[in-house]
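Q: I've got this one open on my screen and I'd like a close look at one part of it. Could you start with how the strands pair up, and then work outwards from there?

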Amino acid sequence: MEQEFQLTNQYPSLKGKKVFITGGGTGIGSYLSEHFCAQGSLVSFIGVSKEVGTAHAKKLSSTYNTYCSFAPCDVRNIEQLQSSLEVATKLMGGLDIIINNSGNDERHTIEEVTPDYWDNCLNINLRPHFFTMQKALSLFPEQGGVIINMGSIGWMRGRTGIVCYTTSKGAIHALTRTMARELGVKNIRVNSVVPGAIVTPKQKALWLTPELDKMFIDLQCLKFRLTPNDVAALTLFLTSDDARAIAGQSYVVDGGIV
């Protein structure tokens, strides 16, 4: 049974921070956009659906009386991705935090994977993470910034039926470790948040069944289904000044599966 969970912590250090989120209009990303707005941050997010993203940004701006903007972007187009980040930085008047959240966990068999399918999967789930970080080097202020790369426990569990996805998410773990050392000298903190079986509208619409619900609860130490709010709670902490000494880590929020 899904347990309701509402965030209660306010982080004074997040008020006024300029936040850029990829895939911020749907799924976990939409919750991240909302919770940063609730903290008083300025938020710019990108996504595929212009209609959904525009409506979400308008709602958040009105609800939380803070700056929130959306721009359509295909993260596979690196030129467009980096340009979106640059434009968002100008509109917000700076850049402090990047959340690399974009992803697609489409199911596939080994036999279905072609070279083009493989490349497309990594171009959505891995490549954008690096190229936002690359661009951020020229956009973060001298005092540094914070980057969160969204991972998945799928690769840790050796999940079947999504080999392209788990490969890309495993690589994010390595990317985070290396970039934390590369960028740490510039006071840019890089960490990864690794969600488990999170109940999202997409899951409910496409493949979530009572049997799957029971399976995930049986696998977890904690016997309730996790929601995007659980992921947001960890992300807010890691981007706040309270986590100033944390870098190069991958934090699992999965109720105790791995």
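## Strands and their surroundings

A: Let's start with E1 and E2, which run parallel and are joined by 5 bridges. Keep in mind as you look around that this is a predicted model. For a concrete pair to click on, take Thr22, whose bridge partner in E2 is Ile46. To get from E1 to E2 the chain goes through H1, and this β-α-β crossover is right-handed.

E1 also pairs with E4 (residues 97-100), again in the parallel sense, over 3 bridges. Here the residues to pick are Ile21 and its bridge partner in E4, Ile99. As for its surroundings, E1 covers residues 18-22, and 4 of those 5 residues are buried, so the strand is largely enclosed by the rest of the structure.

Next, look at H2, which spans residues 50-64. Its buried residues pack against three elements: helix H1 (27-38), strand E2 (42-47) and strand E3 (68-72). So which residues of H2 are buried? They are Gly53, His56, Ala57 and Leu60. Those residues cover an arc of only 95° around the axis, which puts them on the same side of H2. The numbering fits the usual helix pattern: an α-helix has 3.6 residues a turn, so residues three or four places apart point the same way. Turn H2 around and the face away from the buried side carries the exposed residues Lys50, Glu51, Lys58, Lys59 and Ser62. As for its length, H2 has 15 residues and reaches 21 Å from first C-alpha to last, close to the 21 Å expected at 1.5 Å a residue.

Right after H2 comes Asn65, placed in the loop between H2 and E3. Its backbone deserves a glance, since most residues other than glycine have a negative phi. Asn65 has a positive phi, near 50°, and is not a glycine. Is Asn65 buried or exposed? It counts as exposed, because its relative accessibility is 71%, and the cut-off for exposed is over 50%.

Asn187 makes a good companion to look at. Its phi is near 60°, also a positive value in a residue other than glycine. You'll find Asn187 in the loop between helix H7 (163-184) and E6. With a relative accessible area of 48%, Asn187 is partly exposed.

From Asn187 you can step into E6, residues 188-195, where 8 of the 8 residues are buried, so the strand is largely enclosed by the rest of the structure. Ile188, Val190, Ser192 and Val194 point one way from E6, and Arg189, Asn191, Val193 and Pro195 point the other way. Both sets are buried, the arginine and the asparagine included.

What does E6 pair with? One partner is E5 (residues 145-150), in the parallel sense, over 6 bridges. In that pairing, Gly145 has Ile188 of E6 as its bridge partner. The other pairing named here is with E7 (residues 250-253), which runs parallel to E6 and is joined to it by 4 bridges. The pair to highlight there is Val194 with its bridge partner Val252 in E7.

Leu234 ties in with this part. Leu234 sits in helix H10 (residues 228-239) and is buried, with a relative accessible area of 18%. That value falls under the 20% cut-off for buried. Leaving aside neighbours within four places in sequence, Leu234 is in contact with Val193, Tyr251 and Val253. To place those contacts, Val193 belongs to E6, and E7 takes in residues 250-253. By contrast, the C-alpha atoms of Leu234 and Asn104, 130 residues apart along the chain, are separated by 21 Å.

Last stop, the cysteines. How many disulfides does the model have? The count comes to 0. Cys73 is in no disulfide, and the nearest cysteine sulfur, that of Cys68, is 16 Å away. Cys73 is itself buried, at 5% relative accessible area. Cys164 is worth a click too: its sulfur is 4.8 Å from the closest cysteine sulfur, in Cys121, which is too far for a bond. The cut-off for a disulfide is 2.5 Å between sulfur atoms. At 0% relative accessibility, Cys164 also counts as buried.

Technical notes:
Residues are numbered from 1 along each chain as its sequence is written. This is a predicted model: local features need pLDDT of at least 70, side-chain atom pairs count only at pLDDT 80 or more; totals for chains, interfaces and linings use all residues. Side-chain values use heavy atoms; hydrogens and water are left out. Helices (H or I, at least four residues) and strands (E, at least two) are DSSP runs, numbered from the N terminus. Buried means under 20% relative accessible area, exposed over 50%, partly exposed in between (1.4 Å probe, protein chains only). Contact means heavy atoms within 4.5 Å. The expected span of a helix is 1.5 Å times one less than its number of residues. The arc is that of the directions from the helix axis to the C-beta atoms. Two strands pair if DSSP finds at least two bridges between them. A crossover is right-handed if, with the strands pointing away from the viewer, the path from the first strand over the helix to the second runs clockwise.
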